[in-house]
Amino acid sequence: MGLILEVKNLTKKFGGLTAVNDANFEVQRGEMLGLIGPNGAGKTTLFHLMSGFENPNSGSIFYDGVDITRKKPYQIVNLGMARTFQLVRSFRYLSLLDNISVACLSPRGKEAFGSSGIDEAASSILTSIGLVDKARLPPVILPHGDLRKLEIGKALGTNPEMLLLDEPFSGLAHEEKEGITKLIKRLSNEGVTIFLTGHVLQELMTLVPRVIAMHQGRLIAEGSPQEVANNKIVLEAYLGRGEGFA
Amino acid sequence: MASLQLELQSYVGRFRTWAFTFRGSITLFSLLGLLLIPVTGNQYLTQIIITGMILSIFAASWDLLAGFAGQISFGHAAFFGISGYFTAAFVKFAGANWIMATFIGAGYAVIFSLLIGIPCLRLKGPYLALGTLAFSLILFNLFLSGTWLGGTEGISGLPSAGNIFVVFYIIAAFMVGSLVIMRVIVDSRLGTILKSIRDDEICADASGINTTTYKLIAFMISGFFAGIAGALFVINTTAVNPAIFSTLYSFYAIIMAAIGGLATIFGSIIGAFLFTLLSEFLRPLAAASLLIFATVLILIVRFAEGGIMNPFLERLRDLWDMIRGK
């Protein structure tokens with residue numbers, strides 16, 4: 001165990017809007033942590049800050065003891081923290097195998113798999129996410145659930161120690177959600193630290209032991225899913241009143 | 001030694017397999033036809049084909065940058081011109097031989113591709129295109145108004161590399177070599193990374209790829225081959241002047257690559273030859289030729305969005321299958 005990620009006094013403003021307001025939290029190595037909040041709470045901005053796609057106005061982020069506050073996204077990935085996106089992104093004219101191969105060709109991927117082992121590693125990742133039979137297809141013809149798996153597969157190509165999964169269940173049917181849940185659980189069991197967002201707490205209830213709740217850029221509660229679900233401030237944030245939970 | 005021999009045998013085997021495929025046979029047949037053109041003794045036709053071969057390298061170099069790496073340049077004439085000037089200068093003032101001067105010129109094009117690429121790669125999409133255009137316009141005006149390297153007159157009276165037939169075969173060798181190397185690059189791991197940047201730069205960044213470095217590599221490779229084309233252009237004309245930096249050349253590269261088919265490399269051959277032949281045949285019509293040319297271009301872009309090479313080869317294949325009764 002031990003600390004893998006530390007966020008200190010992180011603030012991000014877009015003009016007059018404070019998207020992330022003085023965020024402070026820590027993530028332990030090997031932990032599975034959830035971040036919930038209604039739409040517009042600032043979850044994705046927080047992920048953008050942690051993954052280097054946005055620079056904060058103030059505060060700092062440490063990954064494995066290294067200050068990554070203003071590092072570029074590819075540098076952060078090569079330190080071991082990869083991410084997926086809320087709106088799935090892929091290399092639309094490349095095959096699924098090549099989509100994964102690109103990540104395996106990153107410096108960290110090459111270090112893990114060797115320059116001559118890229119194809120094998122990419123195939124193995126495709127097998128692990130259940131898409132190996134579609135290896136030669138382009139992503140544009142895949143259903144949404146498979147694209148979500150591909151997102152995770154691309155992140156795995158960089159041999160990450162920590163994964164940031166931005167709304168991994170968004171837009172998925174029930175069976176697809178189950179598939180992604182299994183995949184996330186397996187990665188967690190393999191020792192990958194997982195930090196995922198969601199705007200429906202019930203999706204994360206059975207998956208994560210600890211949840212942080214966010215509202216209007218502020219971290220408003222932290223604890224087990226049950227504790228957070230019963231937190232009065234969280235209930236007010238979601239429902240505008242202090243009782244019941246959707 | 002034994003492993004080298006095995007590797008060589010493997011390459012020979014792969015070449016033999018490729019040569020008997022439809023595309024392989026068509027390529028070899030076309031190449032044979034091309035190499036026989038000087039044998040006809042028709043200097044006029046040979047000259048047109050030389051121009052087509054030079055422009056096909058130039059168009060393919062643009063295709064590598066734009067079609068594969070997704071970096072649209074409107075200023076490709078800058079690399080073409082810089083190499084042309086330095087090649088001419090080394091031949092004229094340093095007495096370098098043509099082949100050596102060609103590589104020196106292309107080397108300078110690589111240096112300029114870095115000088116242009118480093119500031120321009122902070123720009124994206126249309127802004128990148130305009131940034132590269134601005135650089136080529138700056139070079140055009142510098143060489144036009146400056147007194148160095150001949151000013152408006154440029155450098156002329158260069159020694160010939162040989163008679164037109166020798167020049168033809170030198171340029172044919174450069175064309176085949178350049179296009180094959182570019183195709184190998186885009187089919188390699190490097191090519192996969194460039195294509196990923198073209199498809200989604202943010203996603204490539206999130207996959208741990210230093211996109212800036214790879215975009216610069218694409219600029220340098222593209223600049224090198226545009227430089228080879230510029231040097232060959234000067235070998236052929238034995239003179240160079242600031243018009244080589246003209247924006248028209250940049251747009252010619254785009255038009256030729258688009259006609260043949262973007263992200264194909266070999267499509268540039270068809271685009272360049274069609275462009276050269278059409279320009280030549282329409283020359284007597286003077287200004288009206290531009291109108292006809294523009295109409296043809298609009299029709300191609302409208303009805304063959306992916307260029308004409310692949311649809312043409314598919315039709316040819318259908319015909320071939322029909323003849324064979326398949």
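What is the mean pLDDT of chain B, and what share of its residues reach 70 or more? In this predicted model, the mean pLDDT of chain B is 92, and 100% of its residues reach 70 or more. For the model as a whole, the scores are ipTM 0.92 and pTM 0.91. Chain A has a mean pLDDT of 92, with 96% of its residues at 70 or more. One stretch of chain A, residues 242–246, stays under 50 in pLDDT, and for this stretch the model has nine contacts beyond four places in sequence.

The table sets out some values for each chain.

| Chain | Helices and strands | C-alpha extent along the principal axes |
|---|---|---|
| Chain A | 10 helices and 10 strands | roughly 55 × 40 × 35 Å |
| Chain B | 14 helices and zero strands | about 65 × 55 × 55 Å |

**Chain B**

Chain B is built from 14 helices and contains zero strands, so that, read from the N terminus on, its elements run α-α-α-α-α-α-α-α-α-α-α-α-α-α. Its radius of gyration is 20 Å, close to the 20 Å that the globule rule gives for 326 residues, and chain B is therefore as compact as a globular protein of that length.

Within chain B, the axes of helix 3 (residues 43–68) and helix 11 (residues 247–260) come within 8 Å and cross at roughly 80 degrees. Because angles of 65 to 115 degrees count as roughly perpendicular, helix 3 of chain B and helix 11 of chain B are roughly perpendicular to each other. On the side of helix 3 of chain B, the contact is made by L55(B), F58(B), A59(B), W62(B), D63(B) and G67(B), while helix 11 of chain B brings Y252(B), A253(B), I254(B), M256(B) and A257(B). Sorted by class, this contact between helix 3 of chain B and helix 11 of chain B has nine nonpolar, one polar and one charged residues.

**Chain A and its two domains**

For chain A, with 246 residues, a compact globule would have a radius of gyration near 18 Å, and the 18 Å of chain A agrees with this. Chain A is divided into domain 1, which covers 3–80 + 161–239, and domain 2, which covers 91–147. The C-alpha centres of domain 1 of chain A and domain 2 of chain A lie 25 Å apart, and the contact between these domains takes nine residues from domain 1 of chain A and six residues from domain 2 of chain A.

On the side of domain 1 of chain A that touches domain 2 of chain A, the elements that give two or more residues are helix 2 and helix 7 (174–189) of chain A. Helix 7 of chain A provides the largest share of that side, three residues. By class, the residues on that side of domain 1 of chain A divide into four nonpolar, four polar and one charged.

**Where the chains meet**

How many residues does the contact take from chain A and from chain B? The contact takes 23 residues from chain A and 16 residues from chain B. On the side of chain A that touches chain B, helix 2 (73–79), helix 3 (96–104) and helix 4 (107–113) of chain A each supply at least two residues. That side of chain A has 10 nonpolar, seven polar and six charged residues. Helix 2 of chain A thus appears in two settings, since helix 2 gives two or more residues to the side of domain 1 that touches domain 2 and also supplies at least two residues of the side of chain A that touches chain B.

Technical notes
Residues are numbered from 1 along each chain as its sequence is written. Chains are lettered from A and ligands numbered from 1 in the order in which they are written. This is a predicted model: local features need pLDDT of at least 70, side-chain atom pairs count only at pLDDT 80 or more; totals for chains, interfaces and linings use all residues. Two residues are in contact if their C-beta atoms, placed from the backbone, lie within 7 Å. Helices (H or I, at least four residues) and strands (E, at least two) are DSSP runs, numbered from the N terminus. Ala, Val, Leu, Ile, Met, Phe, Trp, Tyr, Cys and Pro count as nonpolar, Asp, Glu, Lys and Arg as charged, and the others, Gly among them, as polar. pLDDT is the predictor's confidence in each residue, from 0 to 100. Domain bounds come from an automatic or database domain assignment. Axes are lines fitted to C-alpha atoms, for helices over the stretch in contact, and angles run from 0 to 180 degrees between N-to-C directions. Angles under 35 degrees count as roughly parallel, over 145 as roughly antiparallel, 65 to 115 as roughly perpendicular and the rest as oblique. The radius of gyration is taken over C-alpha atoms; the globule rule is 2.2 Å times the number of residues to the power 0.38.
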